[in-house]
Every structure is written in C-alpha cells, then in structure tokens.
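Student: Please choose one part of this model and take me through it slowly. I would like the local details first and then the elements around them.

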Amino acid sequence: GITIVATSSYGGKTVKGYAKCDPRDEFDIEKGNMHLYWGESKMYSSISSAISNCIESLKGFLLDPMGADSVQERDLHLITSSISSNINDEDSENLLVRFFDKDDDFSNHVIYKGICFIGFDSDKYPSQDDLSQTTELLKAEFESQILEWYAEVNKGISKHTNLKHKEIHVFLMPFPSVEDFRSRFLERIRS
C-alpha cells in the first residue's frame, strides 16, 4: 500500500507520523470527492478551555471560503510543496495535486472535515500514594462524565454558525496533569 507521511512541529522539533494505506483502499474517480481532515490539538487543565481553544483554532479551516487569502492556503501550500517526500506513489501525487489546483475542477470536490485531540486534567485519577482504584473503577468514573464532556463539545461547536454542519471527530483524553505530561513529552522529544 501507499505510505503517507504527516509532518508537524512541536516544541521546536519536527515530528513525522507515518501511515500505510490498506492495499484495498482506492480512489474512485467517478465519485470524485476527497475528504481532507484538518487537525487540531489542545491540552489545558480545564476541559472547557481546551475545547473552546481547539474549536476556535479549527473553525477557520472548516468555515473559511477557501479563497486565495484563506486560512487553509498556507497549509495547502505546505502539502503540495512537499508532496513527493510525503507520498511514495506518483499517480497518487498527481491526483492529489489536482485537488489543490484551483484551476482544476477537482478542487471543487474537496470536502473539509475536522479532527480534534483535546486533553485536560481530571481529578478522577488516584494519587501516587493511593493506588487502590482499579482500572475498572477509573473507567466507570470516566464513563459517568462522558455525557457532560459531549455536552461541552457540543456547546463549543454551537458557538460558531454553520460549524455544526461539518463533520468533526473529537478525541477526549483526561490526564492526571496535562502540565506534567507536556513537560515529560517535551523532555523526551528534546533528548
């Protein structure tokens, strides 16, 4: 299958992620749509701040009218300028470039979607000194809060006209401490 490389930067380092497409996946030129996911991640101690900031960052990519000065234009340029180093299949490269060429009819068949990773502090984790909670108890604690978290996500999306009509996948991740995780993560990637 085709290997796709996603490149981003964090903490002054370039981070690459690799995904190998299933050989059964193929593009159907008759249907002609490409679903492009714009991703955003935020980690704050407060879930409401993390959601609000994540949605605020993502909304421009999903709602901007896609003109020459659009929010997406800079990132689309990054995608097309390094496409050959990110995809190992010339036919796929040529097809993708057509979707990003505003003079090609394929550019009218790009469907923007969103994907969010939202990390936040949770007081449900046991302290270092008290490890009596089992994984099942911890899972039950989180499951009891999930409807509240969904409502918070819905509230964040609903603040922006027309955003509720977009497909957005949201991954919520409670942490014992976002700040501790961030510090350890930065320490790890800098070493």
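Student: My interest is in N162: what is its relative accessible area, and is the residue buried, partly exposed or exposed?

Tutor: N162 has a relative accessible area of 45% and is therefore partly exposed, where buried means under 20%, exposed over 50% and partly exposed in between, calculated with a 1.4 Å probe and protein chains only. This is a predicted model, in which local features need pLDDT of at least 70 and side-chain atom pairs count only at pLDDT 80 or more, while totals for chains, interfaces and linings use all residues. Residues are numbered from 1 along each chain as its sequence is written, and side-chain values use heavy atoms, with hydrogens and water left out.

N162 lies in the loop that runs between α5 and β5, helices and strands being DSSP runs (H or I over at least four residues, E over at least two) numbered from the N terminus. Most residues other than glycine have a negative phi. In N162, which is not a glycine, phi is positive, with a value near 75 degrees.

The loop between α5 and β5 also holds E167, whose partner K113 sits in strand β4, and the side chains of these two meet in a salt bridge with an N to O distance of 3.1 Å, a salt bridge being a side-chain nitrogen of Lys or Arg within 4 Å of a carboxyl oxygen of Asp or Glu. The pair links distant parts of the chain, since E167 in the loop and K113 in the strand are 54 residues apart. The two partners also differ in cover: E167 counts as partly exposed at 35% relative accessibility, whereas K113 counts as buried at 10%.

To place this loop, consider the sheet that β5 joins. The sheet is open and consists of 3 strands in the order β3-β4-β5, with parallel pairing; two strands pair if DSSP finds at least two bridges between them. β3 (34–44) and β5 (168–175) stand at the edges with a single partner strand each, so one side of each is left without a neighbour in the sheet. Direction ignored, neighbouring strands of the sheet are turned by 15 degrees against each other on average. These angles use axes that are lines fitted to C-alpha atoms, for helices over the stretch in contact, and they run from 0 to 180 degrees between N-to-C directions.

Between β4 and β5 the parallel pairing extends over 8 bridges, and I115 stands opposite H169 in β5. On its other pairing, β4 (residues 110–121) is joined to β3 in the parallel sense over 11 bridges. Within that pairing, G39 has I115 of β4 as its bridge partner, and Y44 has F120. I115 thus appears in both pairings, as the partner of G39 and opposite H169. β4 also contains F117, which counts as partly exposed at 30% relative accessibility.

On the other side of the loop in sequence is helix α5, and its own features can be read in the same way. E152 forms a salt bridge with K155, the closest N and O atoms being 3.8 Å apart; both residues lie in helix α5 and are 3 residues apart, which is about one turn of the helix. K155 counts as partly exposed, at 49% relative accessibility.

Elsewhere, R98 and D104 are joined through their side chains by a salt bridge of 2.8 Å, N to O. R98 is partly exposed at 34% relative accessible area, while D104 is buried at 17%. In total, the count comes to 7 salt bridges by this rule.

Another loop gives a further point of reference: G32, in the loop between β2 (13–20) and β3, counts as buried at 7% relative accessibility. Its C-alpha atom is separated by 9.6 Å from that of F99, although G32 and F99 are 67 residues apart along the chain.

For the setting as a whole, the chain has 6 helices and 5 strands, which follow the pattern β-β-β-α-α-α-α-β-α-β-α along the sequence. Buried residues make up 30% of the 191 residues in the chain. N162, with its 45% relative accessible area, is partly exposed in the loop between α5 and β5.
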